[in-house]
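Student: Could we go through the ligand site and the internal space, and check each term against its definition?

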Amino acid sequence: MKLLVTGGAGFIGSNFILYWLKKHPDDYIVNFDKLTYAGNLENLVSVQNNPHYRFVQGDICDAQAVRVAMKDSDTVVHFAAESHVDRSILDSTPFVKTNVLGTQVLLEAAREAHIQRFHHISTDEVFGALELGSTDKFNETTPYNPHSPYSASKAGSDHLVRAYHDTYGLPITISNCANNYGPYMFPEKLIPLAITNLLEGKKVPVYGDGLYVRDWLYVEDHCSAIDAVLHKGTVGETYLVGSMTQDVPNIEIIKTILAIMGKDETSIEYVKDRPGHDRRYAIDWSKIHTQLGWSPQYADLRKGLEKTIEWYTQNQDWWKRVKSGTYHAYYEQQYGGK
Ligand code: NAD
Ligand code: TYD
């Protein structure tokens with residue numbers, strides 16, 4: 001395959017490129033990324049001289065740049081997005097531009113270039129919230145009901161991707177996945193924020209009552225799920241990707257991290273809640289399991305957290321550089337008032 005990967009310098013995109021070049025060394029990858037605050041080429045130093053890999057800096061909203069970058073590709077794997085809910089609450093403009101308009105620009109270019117597969121990476125957050133204490137799960141037929149500007153913009157992009165399939169016959173697939181965690185995750189999201197704050201001797205901010213539930217997916221499992229969809233998935237179909245078999249509230253995740261890191265609960269700081277905070281996400285991932293034979297290899301959350309904590313402990317230069325500069329201004333704006 002000749003892949004154009006958008007957003008390949010971000011958390012999941014860079015894990016995907018490292019995974020793919022190892023697993024499929026005969027394939028070619030062009031990584032097209034704007035390098036926003038979340039993009040970091042340091043993640044890809046180990047492949048930067050690989051002749052099967054090329055980086056192009058560009059914005060997915062720039063039709064001409066996208067056209068040029070896509071020229072020799074047969075497959076698009078679209079990760080590029082503004083991805084953080086809290087930032088979307090502070091300013092939704094870049095979310096609508098990149099996630100909605102940028103996706104439309106890519107779809108148009110893919111149509112022109114006769115791309116053989118356009119795989120769109122989306123999120124379970126487009127489905128809204130489930131009730132705490134219920135056993136309900138999202139599946140491929142759950143109606144869309146997004147609540148944050150982030151999830152609304154991702155919902156818009158999903159609808160556009162499906163519309164390009166139904167209207168123009170573009171060969172698309174979509175995956176809606178759970179909250180990922182693992183190496184190279186930007187420390188604005190809960191798990192890396194908690195680990196790096198604790199490594200710095202700071203407290204972990206917990207929103208509201210801490211009884212919010214997410215389905216957590218180790219990033220390597222997400223990469224293998226995309227691999228399964230690209231090689232075995234059916235054009236036009238959507239696949240949900242999750243990992244958990246039971247609910248674990250945020251506060252329990254934080255307590256597990258504290259226990260692994262040898263800290264006590266005085267390191268927890270309850271802060272004001274996020275507006276429109278979705279109570280619970282849970283994914284029924286039986287379709288990708290039964291139809292494509294995919295299963296998560298890191299379904300044991302504690303093991304995944306241990307692996308992640310080990311990575312952040314051994315790669316302090318990476319996150320210390322990331323946490324310098326504009327990160328401070330964001331942290332002050334988000335948490336300054338507590
Ligand atoms: P990230 O924020 O870590 O990385 C996003 C990448 O996209 C960065 O490298 C950034 O530079 C690039 N980018 C942003 N705007 C761009 C633009 N206009 N043009 C080109 N590049 C641009 O995000 P992530 O956590 O790796 O998420 C990747 C994808 O997975 C997103 O589509 C996100 O919605 C989805 N997703 C993420 C999670 C999660 O837990 N992180 C869960 C479900 C779905
Ligand atoms: P986050 O990692 O931002 O992902 P998402 O909002 O996309 O699910 O947040 C995960 C959960 O953790 C969510 O319920 C919000 C909560 N949270 C905190 O309690 N404290 C924090 O500092 C952050 C960033 C998140």
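Tutor: What follows takes the ligand first and the cavity second. This is a predicted model, in which local features need pLDDT of at least 70, side-chain atom pairs count only at pLDDT 80 or more, and totals for linings use all residues. Residues are numbered from 1 along each chain as its sequence is written.

Student: What makes Tyr-150 and Lys-154 polar contacts of ligand 1?

Tutor: A polar contact is a pair of N or O atoms within 3.5 Å. An oxygen atom of ligand 1 is 2.7 Å from a side-chain N or O atom of Tyr-150, and an oxygen atom of the ligand is 2.7 Å from one of Lys-154. A nitrogen atom of ligand 1 lies 2.9 Å from a polar backbone atom of Ile-60. The protein covers 98% of the 830 Å² of accessible area that ligand 1 has on its own (Shrake-Rupley method, 1.4 Å probe).

Student: Which residues surrounding ligand 1 are the closest?

Tutor: Of the 29 residues around ligand 1, the closest are Ile-12, Asp-33, Ser-83, Tyr-150 and Lys-154. Each of the 29 counts because one of its heavy atoms lies within 4 Å of the ligand.

Student: Why is the space lined by Val-85, Glu-125 and Ser-148, among others, called a cavity?

Tutor: A cavity is a set of points on a 1 Å grid over the protein atoms alone where a 1.4 Å probe fits but cannot get out, and lining residues have an atom within 4 Å of a point. The structure holds 1 cavity of 30 Å³ or more. The largest cavity has a volume of about 40 Å³, the space filled by probe spheres set on the points. Its lining also includes Arg-214, Arg-274 and Asp-278.

Methods
Chains are lettered from A and ligands numbered from 1 in the order in which they are written. Side-chain values use heavy atoms; hydrogens and water are left out. A polar contact is a pair of N or O atoms within 3.5 Å; within protein, one must be able to donate a hydrogen and the other to accept it, and residues adjacent in sequence count only if both atoms are side-chain atoms. On a 1 Å grid over the protein atoms alone, a cavity is a set of points where a 1.4 Å probe fits but cannot get out, and a pocket is an open set with protein on both sides within 12 Å along at least five of seven lines; lining residues have an atom within 4 Å of a point.
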